[in-house]
Amino acid sequence: MNYAIIAAGEGSRLAKEGFPLPKPMVTLYGEMLIDRLIGIFMRNKAEKIMIIINEESAALESHLSELSLTLPIQIVKKSTPSSLHSVFELLGSDPELEAICLTTTDTVFKEDEFTAYIQEFAGSKELGGLMAVTSFIDDESPLYVTVDHAANITAFTDTNTTQTTFVSGGIYCLRKEAIALVSEAVNNGVSRMRNFQRQLLESGIHLKAYPFSKIVDVDHVQDIKTAELFLSPETAV
């Protein structure tokens with residue numbers, strides 16, 4: 001399985017709250033967010049892990065460069081105007097990709113749920129994409145995901161106009177037909193991942209939703225404690 005991590009954001013909200021390092025270097029129980037993702041990916045048969053960082057992340061680049069000596073990590077260093085542009089830079093580096101699991105650096109989830117998600121995608125060859133969703137809403141601007149009775153995705157909306165219980169979890173498994181639309185989207189001026197996902201539906205790509213119990217985004221300092229409590233074995237989900 002190929003994996004990719006968007007780690008090119010500035011982490012401006014964390015910086016304003018006093019966190020001095022790039023967001024991927026936030027630690028949960030002493031482990032960096034980026035290292036936690038890499039470890040989970042390696043335990044889920046990672047053939048390659050592509051990571052995009054911005055041009056102002058010297059400490060992060062040094063850390064990842066050291067890891068790449070022993071792990072299948074490929075670093076793309078480029079500041080981008082949006083998450084979709086980061087995806088474009090990542091996936092454009094390998095036009096032969098058949099499938100990818102892509103996530104942002106600040107997604108925190110239970111590893112056993114992620115493993116089941118990857119196994120579901122691997123066994124569903126007919127899908128163009130399998131999108132992680134959750135009923136846990138702790139986002140300033142959630143993307144609502146509407147599904148039918150068989151978990152096929154029918155809409156992505158900025159407001160909950162369909163009364164769905166799901167929001168996007170920021171983890172995306174995509175196959176070649178979906179990956180191929182990234183360049184088209186960027187060339188047509190699409191910028192955000194949510195708009196790209198809408199384009200996938202408009203293009204007839206078969207997308208399904210895969211529910212996680214909870215996915216926590218680390219955008220603020222207070223989110224670090226939330227994420228640690230979520231991962232604590234003593235804390236019920």
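How many salt bridges does the structure hold? The structure holds nine, where a salt bridge is a side-chain nitrogen of Lys or Arg within 4 Å of a carboxyl oxygen of Asp or Glu. Before going further, some ground rules. This is a predicted model, with local features needing pLDDT of at least 70 and side-chain atom pairs counting only at pLDDT 80 or more, while totals for chains, interfaces and linings use all residues. Residues are numbered from 1 along each chain as its sequence is written, and side-chain values use heavy atoms, with hydrogens and water left out.

**Salt bridges**

Side chains of opposite charge can pair when their charged atoms come close. Here are three of the pairs.

| Acid | Base | N to O distance |
|---|---|---|
| Asp 106 | Lys 23 | 3.0 Å |
| Asp 219 | Lys 23 | 3.0 Å |
| Asp 158 | Arg 194 | 2.7 Å |

Take Asp 106 and Lys 23, whose side chains meet in a salt bridge. That pair links distant parts of the chain, 83 residues apart: Asp 106 is in the loop between E6 and strand E7 (107-108), and Lys 23 in the loop between helix H1 (12-16) and strand E2 (27-28). Helices (H or I, at least four residues) and strands (E, at least two) are DSSP runs, numbered from the N terminus. Asp 106 is buried at 8% relative accessible area, and Lys 23 counts as buried at 13%; buried means under 20% relative accessible area, exposed over 50% and partly exposed in between (1.4 Å probe, protein chains only).

Lys 23 also forms a salt bridge with Asp 219. Asp 219 lies in the loop between strand E13 (216-217) and helix H9 (221-231), and Lys 23 in the loop between H1 and E2, so this pair ties together parts that are 196 residues apart in sequence. Both Asp 219 and Lys 23 are buried.

Asp 158 and Arg 194 meet in another salt bridge. Asp 158 sits in the loop between E10 and strand E11 (166-175) while Arg 194 is in helix H8, so the bridge ties together parts 36 residues apart in sequence. Asp 158 counts as partly exposed at 43% relative accessibility, whereas Arg 194 is buried at 12%. Salt bridges that share partners also join Arg 13, Lys 23, Asp 106 and Asp 219 into one network.

**Cores and helix H8**

The largest nonpolar core has 35 residues, and those with the most contacts inside it are Leu 84, Leu 90, Leu 91, Leu 174, Phe 196 and Leu 200. A nonpolar core here is a set of buried Ala, Val, Leu, Ile, Met, Phe, Trp, Tyr and Cys residues joined through side-chain atoms within 4.5 Å. A second, separate core of 32 residues includes Leu 37, Ile 38, Ile 53 and Tyr 117.

Back to Phe 196: not counting residues up to four places away in sequence, Phe 196 touches (heavy atoms within 4.5 Å) several residues, including Leu 84, Leu 174 and Val 190. Phe 196 is among the buried residues of H8, along with Arg 194 and Leu 200. Seven of the 10 residues of H8 (residues 193-202) are buried, so the helix is largely enclosed by the rest of the structure. Just after H8, Gly 204 takes a positive phi of about 85 degrees.

**Strand E1**

Six of the six residues of strand E1 (residues 2-7) are buried, so E1 is largely enclosed by the rest of the structure too. Asn 2, Ala 4 and Ile 6 point one way, and Tyr 3, Ile 5 and Ala 7 the other. E1 pairs with E4 in the parallel sense over six bridges, and with strand E6 (residues 99-104), also parallel, over four bridges; two strands pair if DSSP finds at least two bridges between them. Tyr 3 stands opposite Ile 49 in E4, and Ile 5 opposite Thr 103 in E6.

**Odd backbone spots**

Most residues other than glycine have a negative phi. Lys 45, though not a glycine, has a positive phi of about 60 degrees. Lys 45 is found in the loop between helix H2 (33-43) and strand E4 (48-53), and is exposed at 72% relative accessible area. Ala 151 likewise has a positive phi, of about 70 degrees. Ala 151 is found in the loop between strand E9 (144-147) and strand E10 (153-157).
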